[in-house]
Amino acid sequence: IKQKKRHMGDTKHFCPVSLKENFVLHPGLQEHAAKYKEKIYYFSTSEYRDKFLKNPEEYVAHNEPLQAPPLRVCLLGTHGAGKTTCAREIADKIGIFHIQFEEYLQELILPKTKRKVGPFDEDREDDHKIPEELEDFSQTVNKTETEKTKQEVELTDEEEAIKANLMDNTELPPEVLDKIVPDWWQKEPFRSTGFILDGFPRTTDEASYLSERGLCPDVAVYIQVEEGDILNRLFPPRLRKWKDKQLKKKEYKKKLKELKAKRKV
């Protein structure tokens, strides 16, 4: 039996209300379909369907076709897979923004931490402790200035959550993500230009967060690399950095020893 062809609405299988209000191509569901002027429209939720039926002319095309949102890409992969290198090239070629998620988080707390933090950070706090035999020199620091410095670098709960994420890969709570991620979909200049999001989402919870907020990427790309290739890429520069650090610590101790000798004289 030949079935009658369905005439789809302007947004085809995508929700017209999501497109109009959130500028997102959110797939509609058949159970939330509605008919208007002999055309079938699909909606992401029953609430959006009801909203459309109250004022359908607000969500359909009139003198010109509806404008589609720009390209939004999520680029995923393990640390050292080459995500950032690929993302920069793609962003340059097609003229969209490149957002490196971890770097963006670093920028949010950098004014207080004064340096980048993370699991691969060789410049940890323990390296700045003065050796026990030189503790007498540390007493020359004014206590009030030290307390003032501590007050200045005190992090908010949100900043502490970001630091924990960078240091230990602790998942960011939704209330923190709400202040960061939706802006890339909803605010300019990202909203009208598009972006490639490098390094997010990384977990199923973060992917669920995007889905629950209606923040749909157009495509998600996962870069898969052999562990041996990553080791060969990351280990040599980190070994050189470790050697440079050991040399600097040796020079630092030598200078402190010379200073101690001068103080005795």
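**Exercise 1. Backbone exceptions at Lys12 and Asn169**

Does Lys12 count as buried, partly exposed or exposed? Place Lys12 and Asn169 along the chain of this predicted model, and compare their backbone angles with their accessibility.

*Solution.* Begin with the position of Lys12, which lies in the segment before helix 1. Its relative accessibility is 48%, and because exposed requires over 50% while buried requires under 20%, Lys12 counts as partly exposed. The next step is the backbone: although Lys12 is not a glycine, it has a positive phi of about 55 degrees.

Asn169 can be treated in the manner of the preceding step. It sits in the loop between helix 7 and helix 8, and it has a positive phi of about 60 degrees although it, too, is not a glycine. With a relative accessible area of 53%, Asn169 is exposed.

**Exercise 2. The overall make-up of the chain**

State how many helices and strands the chain has, and describe the burial of its residues and the sequence separation of its contacts.

*Solution.* Counting the secondary structure elements gives 12 helices and six strands. Of the 265 residues in the chain, buried residues make up 31%. For the contacts, take those between residues at least 6 apart in sequence; of these, 69% join residues at least 24 apart.

**Exercise 3. The nonpolar cores**

Identify the residues with the most contacts inside the largest nonpolar core, then work out which elements supply this core.

*Solution.* The largest nonpolar core has 25 residues, and inside it Val181 and Trp184 are those with the most contacts. Two or more residues come from each of helix 4 (101–113), helix 7 (157–168), helix 8 (174–177), helix 9 (182–186), strand 5 (195–198) and helix 11 (204–212). Among these contributors helix 7 gives the most, with four residues.

The surroundings of Val181 can now be listed: once residues up to four places away in sequence are set aside, Val181 touches Phe200, Tyr209, Leu210 and Leu215. Finally, there is a second, separate core of nine residues, which includes Cys15, Tyr36, Phe43 and Tyr59.

**Exercise 4. How helix 4 meets helix 7**

Describe the geometry of the helix 4 and helix 7 pair, and then say which residues make the contact and how they divide by class.

*Solution.* The axes of the two helices, helix 4 and helix 7, come within 10 Å and cross at roughly 130 degrees. Because this angle falls in none of the ranges for roughly parallel, roughly perpendicular or roughly antiparallel, the last of which begins over 145 degrees, helix 4 is oblique to helix 7. As for its hand, the crossing of helix 4 and helix 7 is left-handed.

On the side of helix 4 the contact is made by Glu102, Leu105, Gln106, Leu108, Ile109 and Lys112, and on the side of helix 7 by Glu159, Ile162, Lys163, Asn165 and Leu166. Sorted by class, the contact between helix 4 and helix 7 has five nonpolar, two polar and four charged residues.

**Exercise 5. The loop that holds His26 and Gly28**

Determine which residues His26 and Gly28 touch, and examine how His26 is placed relative to Gly214.

*Solution.* His26 is in the loop between helix 1 (16–22) and strand 1 (29–36), and Gly28 is likewise found in the loop between helix 1 and strand 1. At 19% relative accessibility, His26 counts as buried. Beyond its neighbours up to four places away in sequence, His26 touches Phe14, Cys15, Ser18, Ser44, Gly214 and Cys216.

Turn next to Gly214, which is found in the loop between helix 11 and strand 6 (219–223) and is buried, with a relative accessible area of 15%. Gly214 and His26 are 188 residues apart in sequence, yet their C-alpha atoms are 7.1 Å apart in space. Leaving aside neighbours within four places in sequence, Gly214 is in contact with Val24 and His26.

For Gly28, with its neighbours within four places in sequence left aside, the contacts are His13, Phe14, Cys15, Tyr42, Phe43 and Ser44. The C-alpha atoms of Gly28 and Thr45 are separated by 7.6 Å, with their positions 17 residues apart along the chain.

**Exercise 6. Two cis peptide bonds**

Find where Pro189 and Pro201 lie, and describe the peptide bond that leads into each of them.

*Solution.* Pro189 is found in the loop between helix 9 and helix 10 (190–193), and the peptide bond from Glu188 to Pro189 is cis, with omega near 5 degrees. Pro201 has its place in the loop between strand 5 and helix 11, where the peptide bond from Phe200 to Pro201 is cis, with omega near 0 degrees.

Note on methods: Residues numbered from 1 in each chain as written. Predicted model: local features only at pLDDT ≥ 70, side-chain atom pairs only at ≥ 80, totals over all residues. Heavy atoms only, no water. Core = buried A, V, L, I, M, F, W, Y, C linked by side-chain atoms within 4.5 Å. Buried < 20%, exposed > 50% of the residue type's maximum accessible area, 1.4 Å probe, protein only. Contact = heavy atoms within 4.5 Å. Axes fitted to C-alpha atoms, helices over the stretch in contact; angles between N-to-C directions. Parallel < 35°, antiparallel > 145°, perpendicular 65-115°, else oblique. Left-handed = near helix turned anticlockwise from the far one by under 90°. Nonpolar A, V, L, I, M, F, W, Y, C, P; charged D, E, K, R; others polar.
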